[in-house]
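I opened my notebook beside the viewer and jotted down what I looked up, entry by entry. Come along and check each one against the structure.

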Amino acid sequence: MMEAQEQGYFTEANSAEVVISRNSAAKDERLKAVMAVIVRKLHEAVKEIEPTPDEWIKAIRFLTETGQMCNEWRQEFILLSDVTGVSMLVDAINNRKPSGASESTVLGPFHVANAPALPMGANICLDHKGEDMIIHGRILDTGGKPVAGALLDVWQANDEGFYDVQQKGIQPDFNLRGRFVTGEDGRYWFRAVKPKFYPIPDDGPVGRLLRALGRHPHRPAHLHFILSADGFETLTTHIFDPDDPYINSDAVFGVKESLLADFQSVDDAERAKELDFKSPFWEVDYDFVLARPRS
Ligand code: BEZ
Ligand code: FE
């Protein structure tokens, strides 16, 4: 004898309720609640879209190819989450900061753990290609006090828009990466090159989707940071070049107004010499403010 159909048999009208009630014995309450929302919204979408069988199979093939594109280095599902704004939405929900604290943005796939630990002032550009840039500022708490012993982990693309890990054998390993620790004054400074915009990996199904939607795959020029210190929430963020051509159309929606830095062109032969730079060079001054953990 079949079990009683607690919501009746599946019909177009009651489709979501029937599926949700079938999941009612789930032991994991969070899983049950999440699946209920997903089933409800998915059925609502299907009812609004009314896909043909061909459209449905096309969608399934897209997801299949997205999975097949994934490997240890390539996470096509995360890219799909990025270009649909889901990654930034999850980031926003989980990083509601107190007022005055620096805002977060996406981590991206190009972070490498254990970049070289460097003294303040070091040049993270190992191949001396690109336009010289000095970056400095302070790491503060929300009361404006310097944070000592803060770890600043930075990584960036080069002046052609490539990370070292995308150009193994062309760029030196750990090019444009480094970790710095602040002293009592909370100050940081290091030398680098002006980064350039670049496309997110677009040779897979997500790239095809962007083209079909009339969208470009580019991210505006930025530097990535992870800032951590005892007694503070870890901050994963970027600073952006506000003059970048893609600043208002980041493929992954990562730009926030507070993350726009001022990239100043400095023509000063004497300072350039001190820094072992060519003049003119770029200068960026940007303070980060760390939040205390929420209780
Ligand atoms: C990045 O900024 O490194 C990045 C973020 C999301 C997708 C691809 C790259
Ligand atoms: Fe990036």
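**Entry 1: the iron site**

Are Tyr163 and His222 buried or exposed? I looked up both, and Tyr163 is buried, as is His222. A caution to myself before going further: this is a predicted model.

Next I listed what holds the iron ion (ligand 2): Tyr163 and Tyr198 through OH, His222 and His224 through NE2, at 1.9 to 2.1 Å. Tyr163 sits in the loop between strand 2 (151–156) and strand 3 (177–181), while His222 is in strand 7, so this pair ties together parts that are 59 residues apart in sequence. Along the chain I read the donor spacing as Y-x34-Y-x23-H-x1-H.

Then I turned to the geometry. The iron ion (ligand 2) has six donor atoms, with angles among them running from 53 to 164 degrees, and the site is classed as irregular. For reference I wrote down that six octahedral donors would ideally give angles of 90 or 180 degrees.

**Entry 2: the overall picture**

I stepped back to the whole protein and counted seven helices and eleven strands. The C-alpha trace spans about 90 × 45 × 30 Å along its principal axes. Of the 295 residues, 40% count as buried. I also checked contacts between residues at least 6 apart in sequence: 69% of them join residues at least 24 apart.

**Entry 3: two domains**

The domain assignment gives me domain 1 (15–83) and domain 2 (98–290). Their C-alpha centres lie 35 Å apart. Ten residues from domain 1 and 16 residues from domain 2 take part in the contact.

How much area do domain 1 and domain 2 bury between them? I noted about 1,100 Å², with 67% of it on carbon and sulfur atoms. On the domain 1 side, Leu79, Asp82 and Val83 lose the most area to domain 2, together 48% of what that side buries. I also found two salt bridges across the interface of domain 1 and domain 2.

**Entry 4: helix 6**

I went to helix 6 (residues 205–212) and found Pro205, Val206, Gly207 and Leu210 buried. What do the buried residues of helix 6 pack against? Their partners are helix 3 (53–68) and helix 4 (76–83). After helix 6 comes Gly214, with a positive phi near 70 degrees.

Helix 6 also reaches helix 3 through charge: Arg208 lies in helix 6, Glu65 in helix 3, and the two form a salt bridge with the closest N and O atoms 2.5 Å apart. Arg208 is partly exposed at 43% relative accessibility, and Glu65 is partly exposed at 28%.

**Entry 5: more salt bridges**

My count for the protein comes to twelve salt bridges. I followed Asp203 to Arg74, where the closest N and O atoms are 2.8 Å apart. Arg74 and Asp203 belong to a salt-bridge network that also includes Glu76. Asp202 meets Arg211 in a salt bridge at 3.7 Å, N to O, and Asp202 is partly exposed with a relative accessible area of 25%.

Then I looked at Asp287 and Arg138, a salt bridge with closest N and O atoms 2.7 Å apart. Asp287 lies in the loop between strand 10 (281–285) and strand 11 (288–290) and Arg138 is in strand 1, so the pair ties together parts that are 149 residues apart in sequence. Asp287 is partly exposed at 28% relative accessibility, and Arg138 is partly exposed at 30%.

**Entry 6: two loop residues**

I finished with two loops. Gly149 lies between strand 1 (132–141) and strand 2, and is partly exposed at 45% relative accessibility. Gly149 and Val181 are 32 residues apart in sequence, yet their C-alpha atoms are 5.6 Å apart. Leaving out residues up to four places away in sequence, Gly149 touches Val181, Thr182, Gly183 and Ser228.

Glu233 is in the loop between strand 7 (222–228) and strand 8 (235–240). Why does Glu233 count as buried? Its relative accessible area is 14%, and buried means under 20%. With the same sequence neighbours left out, I listed the contacts of Glu233, among them Lys97, Leu227, Leu290 and Arg294.

Notes
Residues numbered from 1 in each chain as written. Chains lettered and ligands numbered in written order. Predicted model: local features only at pLDDT ≥ 70, side-chain atom pairs only at ≥ 80, totals over all residues. Heavy atoms only, no water. Buried < 20%, exposed > 50% of the residue type's maximum accessible area, 1.4 Å probe, protein only. Helix = DSSP H or I, 4+ residues; strand = E, 2+ residues; numbered from the N terminus. Contact = heavy atoms within 4.5 Å. Donors = N, O, S within 2.8 Å, 3.2 Å for Na, K, Ca; no water. Tetrahedral: all angles 85-135°; square planar, octahedral: opposite > 155°, others 65-115°. Domains from an automatic or database assignment. Buried area = accessible area lost by both parts, 1.4 Å probe. Salt bridge = Lys/Arg side-chain N within 4 Å of Asp/Glu carboxyl O.
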